Structure formats: C-alpha cells, structure tokens
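Biologist: I am new to this structure. Please walk me through its charged side chains and its domains.

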Amino acid sequence: MNAAERATTHQTHWRETLDRVMARVEALPSYRASGRITRATGLVLEAVGLRVPLGSACRIELSTDSLHAKARYAEAEVVGFSGEKLFLMPLAEISGLTPGARVLPLGDGGTQTARRFPLGASLLGRVVDGNGKPLDGERSLQDVPHAPLATPPLNPLARAPIDEQIDVGIRAINALLSVGRGQRMGLFAGSGVGKSVLLGMMARYTKADVIVVGLIGERGREVQDFIDNILGDEGRKRSVVVAAPADTSPLQRLQGASYATRLAEGFRDEGKNVLLIMDSLTRYAMAQREIALAIGEPPATKGYPASVFAKLPGLVERAGNGEKGGGSITAFYTVLTEGDDQQDPIADSARAILDGHIVLSRALAESGHYPAIDIEASISRAMGAITDHAQQHQARLFKQHFSRYQRNRDLISVGAYSPGHDPQLDQAVQLFPHLEYFLQQQIDERADVAEARQSLSAIVGGGK
C-alpha cells in the first residue's frame, strides 16, 4: 500500500468514526430537563418541574460530603402524579436527600429503563436482584442482551392448549393432582409447613429446560438457604434466581416479580419449556399495597386497595403456554394464608385466577407428614385434559377412601367403630395406612409419573 492509499484509508476511517459520533450527538435531546424534590414523606417523594410518563425511571441527585466528592444518585420510578406533582418511589433506601434535590429523567419517556433488564442463556446459574444486577459476585451482565420489562399480552386464542402432563417428581401431585405443561398452580400454605422444601423438590425433579425462581419478599437468610440446600448444584445450573428480599423497597419487590416473569417469557419465546417458581405471590400483593397506600389510594378489601387485585391477574396471565408449537411456562406461585385462613382476600383472589391449588396443612406438618399436602382441599383444574379416564377414576376412589376415613377418624380413635356395618368404611380403614404412606415422600426421593401411576393402581385397583 503506497502513501496515497494509506492516506485515503485513514481519511475513510476518520470519516466513519465522525459519522458515528454525529449520529449519537443528533440522537440526544437539544436540552436536558430536570425537576426538583419538594416533599419527602414516608415511602414517596414528590417532585415538580418534569413531564414524564407513569412508570418512567428517574435519577435523584444526593448531597455529597465535600465539594470535590463524586456526585451520588439514587434511582426512582414514577408511580403516580397529581396535577404538576410527580410521585416517585426510590428503588432503594436513600440517604443524603436534601430539599430541592435535582431529579433527572432516565432516557426519553422511560425507554432507556425499558432496555436495562438482562435476559437470555447467559443468566443460567446466576443470582440477580430485581434490577438485573448480579448478587453472586460473578461477572457483570452489561454485555448480555437486554429487553423491556413489559411485554404485550398474548392473544388467548393463539395459546397452545394444556394437553401434556409434566413430571414434577412428587408422587401425590403426579397421580392425584396432575399438572399440565403450561399450567399455573398455587401452593397455599401458612408459615413453617414445608412449602420451600416442596418447591425445591419440584425445582430439582421437574423435567424442564430452564427454571426461573423469584424469591420475593422473603427473609434474606432464606435466599442463600434456598440456593445452597434446596435448589442444589444440579438445579442451579439450569436456573436463574431473582431475589428481592423483605428488606428491599416495595418497588423493587414488585419489579423483581415482573422481572422473573419476563425472564421466563424470554426463554419461552426461544421455544424452551420453563418452570417458573414464585415465592411468594402474597409478598408481591403486599408490595403493591404499600405503594398504593403511600400515594393515597384508598383501601378496599381488608386493607388492600383495588389496584392490588388488578395487578395479580396481570402478572399471572403472562405465564402459561405460548403459541402453538412454541415454548411454555409452567408456574407455581406460593400464597401465604395468614393464620391458615383460606379465605384471606389474596388467597381467594389467587384461587380464582390460577389453574388449580395445592393446599398444605399445618396439622399434617405437625404430625410429621411430609409433604403436608391436604389432598381433600387441593385440586388441579387441568387434570381432566391431561390424564386418561382410568387415572381420573383411581384418583377419585383414592380421595373417597381418604375422605371417608377422615370423617370417621374420631369414632375410630375412641373405639366406637366396629367393622361389618359399613363396607365402604371398612375398606377405607383397611386401606388408610397405604393411602397415608402413598402421600408421604422423602426430600431426596423422586417419584416419576409412571411410578406414581403404578403405586396408585396397586392401592385402589386398575380403574375403569
């Protein structure tokens, strides 16, 4: 290459570089708007001087220790407005906020915020917070694909039907409460009855390409415990864990649940079968209640504002099957029943929008019966579409025998029962030890669908 050619190449390189810089400069707004903080009360900050859409992200300038210290910022989201005032909620607890602090919008109308959530296979094996930032101390996720948090709803007529059973590795569920691929199930339980252990068993034993775990509003200690002792090394390799513990802001808890669902949607769109575990849906509802009450929304049902009951189906409906021939999201949501009250408003609302519910009994847990599934109070609404008539008949017989024994348990305990008067009760009493053994399972024991069906047939017969 002679001198003239080198000069031409050099000029071309600089011209291309200059064009790229000019394109970036032209894309910037001609001015940068900013507002200021006028009030800070409780969880909510009030700002004036900005016109940005609801849901947009902003940065709040915080005071520094000296004039030469590096500027500090806190991120917040617009959660409401009244006239010219914006209501902001910070994503984390902030210190150093002063009256009149500057508020700067992130991006144009929140579009930059919409692109800041990392997605894809690079997150497998990782633990991130509700903002998509790593919690495990490993490499940054800046170079992985990013996508908006919100997605357009699927056309319900375009969704593939639930017609295939998924193996969750739990004998009682596989045989009596069969779960279909793309089904959304609720796990209803009070505190300390073994729901986390049951979720961990499902995470390890369920046949799914990817597992997405959302730990929302739980104790920080339980996050590490779930990852190390319940999920395990094998489960973690094909999992993404989104953790927004109880000490994070309600906005971040809300965002963590949406982000976990968005991750599952991303894998589903790639054609993968995803298992989504959300612990818990109740903490998600409580986070929305905190935000709604803080911005002045009146409470409606037992202290829950109406927006809470609008948010729940918006989150749950994003799971499920994709379009025919595509991937799926099979979801398990835990629902905390305060005082074991099954008529709690969140439990009642969740039961109405989910495709079935598994109820865990405190009485069974206290008697050492694990998993403590109350088989009489639990149901899978998709079981009729994914199992044959023989299994459905066997499951009904099993529940009838179990229920008949439970109704007469007090008479049997005090010795008032005598065989020969009720043939059906006699059969239930004879079978009960086998029924009870069938419903129990060790944490390290896996029972696939074939084994569960075989054990069920051995107890109640071959069916019709």
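**Salt bridges, charged residues and domains**

Modeller: Glu 164 and Arg 181 form a salt bridge, with the closest N and O atoms 3.7 Å apart. The pair ties together parts that are 17 residues apart in sequence, since Glu 164 lies in the loop between strand 9 and helix 3 and Arg 181 in the loop between helix 3 and strand 10 (184-189). Keep in mind that this is a predicted model.

Biologist: Is Arg 181 buried or exposed?

Modeller: The cut-off for buried is under 20% relative accessible area. Glu 164, its partner, has 41% and is partly exposed. Arg 181 has a relative accessibility of 13%, so Arg 181 counts as buried.

Biologist: How many salt bridges does a search of the whole structure find?

Modeller: Glu 164 with Arg 181 is one pair. Lys 85 with Glu 46 is another, at 3.7 Å between the closest N and O atoms. For the whole structure, the search finds 17.

Biologist: How many residues apart are Lys 85 and Glu 46?

Modeller: Lys 85 sits in strand 5. Glu 46 sits in strand 2 (residues 44-48). Their pair links distant parts of the chain, and the separation is 39 residues.

Biologist: Why does Glu 46 count as buried?

Modeller: Buried means under 20% relative accessible area, and partly exposed is between that and 50%. Lys 85, at 32%, is therefore partly exposed. Glu 46 is buried because its relative accessible area is 10%.

Biologist: Which residue forms a salt bridge with Arg 253?

Modeller: Arg 253 lies in helix 6, and its partner lies in helix 7, 37 residues apart. Arg 253 is buried at 9% relative accessibility. The side chains meet at 3.1 Å, N to O, and the partner is Glu 290.

Biologist: Which residues join into one network through salt bridges that share partners?

Modeller: Lys 85 and Glu 46 already form a salt bridge. Shared partners extend the picture to a network. Its members are Arg 39, Glu 46 and Lys 85.

Biologist: Back to Glu 290. Which residues is Glu 290 in contact with, leaving aside its neighbours within four places in sequence?

Modeller: Glu 290 is found in helix 7 (residues 281-294). Glu 290 is partly exposed, with a relative accessible area of 29%. Its side chain makes a polar contact of 3.1 Å with the side chain of Arg 253. The contacts are Leu 43, Pro 250 and Arg 253.

Biologist: What separates the C-alpha atoms of Glu 290 and Ser 249?

Modeller: Along the chain, Glu 290 and Ser 249 are 41 residues apart. In space, the distance between their C-alpha atoms is 9.6 Å.

Biologist: Which side chain of opposite charge is nearest to Arg 262?

Modeller: Arg 262 lies in helix 6 (residues 250-269). Arg 262 is buried yet has no salt bridge. A salt bridge needs the atoms within 4 Å. The nearest candidate is 4.4 Å away, and it is Glu 265.

Biologist: Which backbone oxygen does the side chain of Arg 262 reach?

Modeller: Arg 262 touches several residues beyond four places in sequence, among them Leu 119, Ala 147 and Arg 318. Its side chain also comes to 2.9 Å from one backbone oxygen. That oxygen belongs to Pro 148.

Biologist: With which side chain does Asp 167 make a polar contact?

Modeller: Asp 167 is in the loop between strand 9 (146-147) and helix 3 (171-176). At 7% relative accessibility, Asp 167 is buried. Among the residues that Asp 167 touches are Asn 174, Tyr 205 and Val 449. The polar contact, at 2.9 Å, is with Arg 446.

Biologist: Now the domains. What area do domain 1 and domain 2 bury between them?

Modeller: The protein is divided into domain 1 (33-103), domain 2 (114-386) and domain 3 (389-459). Ten residues of domain 1 are in contact with eleven residues of domain 2. Of the buried area, 68% is on carbon and sulfur atoms. The total is about 920 Å².

Biologist: Which three residues supply 52% of the area that domain 1 buries against domain 2?

Modeller: No other three residues supply more of that area. They are Leu 43, Met 89 and Leu 91.

Biologist: How many residue pairs are in polar contact between domain 1 and domain 2?

Modeller: Across this interface, the rule finds zero salt bridges. Polar contacts do occur there. The count is three residue pairs.

Definitions and conventions: Residues are numbered from 1 along each chain as its sequence is written. This is a predicted model: local features need pLDDT of at least 70, side-chain atom pairs count only at pLDDT 80 or more; totals for chains, interfaces and linings use all residues. Side-chain values use heavy atoms; hydrogens and water are left out. Helices (H or I, at least four residues) and strands (E, at least two) are DSSP runs, numbered from the N terminus. Buried means under 20% relative accessible area, exposed over 50%, partly exposed in between (1.4 Å probe, protein chains only). Lys and Arg count as positive and Asp and Glu as negative; His and the chain ends are not counted. A polar contact is a pair of N or O atoms within 3.5 Å; within protein, one must be able to donate a hydrogen and the other to accept it, and residues adjacent in sequence count only if both atoms are side-chain atoms. Contact means heavy atoms within 4.5 Å. Domain bounds come from an automatic or database domain assignment. Buried area is the accessible area (1.4 Å probe) that two parts lose on being put together, summed over both.
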